[in-house]
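Dear colleague,

Here is the structure you were waiting for. My notes follow below it, grouped by topic.

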Amino acid sequence: MTIHLMPDTSIISCKVFKPELTALGIEKSRVIYLEQDLHRDPCALRERVMEALTRLEVDKHINSVILLYGYCGGGLADLVSKRLKLMIPLAHDCIPLLQGTCPDPLCDQAFFLSPGWIDHGLTPLTEYFEAVEKYGQEDALWLGLEVLKGYKEVVLVETIAGVRPHHLRYAEKMAALFGLSVRKVTADTTWLVNLLSGNPCKKVLTINPGEAIGLDLYPPMG
């Protein structure tokens, strides 16, 4: 499947979506990718997204921007563009958009991975290896177990980008290290495709120039 963006549309995206955008044939020149770890600091995320929007606002050929972000704990709060229309997925984080649906409440006990999270993001496994160098193996494992307290499984989401052998090995290694089960699910691409194609969809909202993004626009959590 190949998606052809409207000529006047650009994308600002978390880097975890890079495999999916590449698989859908989105040209690199149409996307501004931001690092995944920004989601840990909503203020920093908002600042970087606003910087990217400011860059696009001066390009008179661009009239619409797709924000490939969930609300991210307030990372998009109060974002506004003077000139550009903003299209946002009505998700609180990127996992529902990657998976194609809002996870079942029981999935609060699941840690989700996708090709982009593994290749471009921080996870408890990558942080474990960083902590080993700083604190030693025993303390690093304790820290990882604390982060994953309450989780029972690792769920690998097979998106339109596909799952390569190293993705599966990564998920299995993380699950084994932290005593979790592991399984794979197949994503539904409808939500993502509708967002990128500009198709009318209840899960996508267009924010007009001068209007701000706020939590009240999103469905309740849980």
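**Aromatic pairs**

At 39% relative accessibility, Phe129 counts as partly exposed. Its ring partner Tyr128 has a relative accessibility of 7% and counts as buried. Please keep in mind that this is a predicted model.

How many aromatic pairs does the structure hold? There are four. In one of them, the rings of Phe111 and Tyr151 have centres 5.8 Å apart and planes at 65°, so the pair is edge-to-face; the limit for that class is over 60 degrees. This pair links distant parts of the chain, with the two positions 40 residues apart. Phe111 belongs to strand E5 (residues 110-113), while Tyr151 is in the loop between helix H6 (137-147) and strand E6 (153-158). Phe111 is buried, at 14% relative accessibility, and Tyr151 is partly exposed, with a relative accessible area of 29%.

The rings of Tyr128 and Phe129 also form an edge-to-face pair, because their planes stand at 70°, with the centres 5.1 Å apart. Ring pairs join these two residues and Phe178 into a cluster.

**The sheet**

Five strands make up an open sheet of mixed pairing, in the order E2-E1-E3-E4-E8. Strand E2 (31-34) and E8 are the edge strands, and each pairs on one side only. From one strand to the next the twist averages 20°. E1 and E2 run parallel and are joined by four bridges. Ser13 stands opposite Tyr33 in E2. Tyr33 also has a charged neighbour: Lys18 lies over the face of its ring, at 5.6 Å from the ring centre.

**Helix H8**

Is H8 mostly covered or mostly open? Helix H8 (residues 190-197) is mostly covered, with six of its eight residues buried. These are Trp191, Leu192, Val193, Asn194, Leu195 and Leu196. They pack against strand E1 (9-14), strand E3 (64-68), strand E4 (85-89) and strand E8 (204-207), and also against helix H1 (18-23) and helix H3 (94-99).

One of the buried residues, Trp191, has Lys203 over the face of its ring, at 4.7 Å from the ring centre. Just after the helix comes Gly198, which takes a positive phi of about 75°.

**Positive phi in the loop between E3 and E4**

Two residues other than glycine have a positive phi here. For Cys72, in the loop between E3 and E4, phi is about 55°. For Asp78, in the loop between E3 and E4, phi is near 70°.

Which of them is buried and which is exposed? Cys72 has a relative accessible area of 14% and is buried, because the cut-off is under 20%. Asp78 has a relative accessible area of 60% and is exposed, because that class begins over 50%.

If you open the model, I would look at H8 and its buried residues, then at the cluster of Tyr128, Phe129 and Phe178, and then at Cys72 and Asp78 in the loop between E3 and E4.

Regards

Conventions. Residues are numbered from 1 along each chain as its sequence is written. This is a predicted model: local features need pLDDT of at least 70, side-chain atom pairs count only at pLDDT 80 or more; totals for chains, interfaces and linings use all residues. Side-chain values use heavy atoms; hydrogens and water are left out. Buried means under 20% relative accessible area, exposed over 50%, partly exposed in between (1.4 Å probe, protein chains only). Contact means heavy atoms within 4.5 Å. Two strands pair if DSSP finds at least two bridges between them. Axes are lines fitted to C-alpha atoms, for helices over the stretch in contact, and angles run from 0 to 180 degrees between N-to-C directions. Rings of Phe, Tyr and Trp (its six-membered ring) pair if their centres lie within 6.5 Å; planes under 30 degrees apart count as stacked, over 60 as edge-to-face and the rest as tilted. A charge sits over a ring if NZ of Lys or CZ of Arg is within 6 Å of the ring centre and within 35 degrees of the ring normal.
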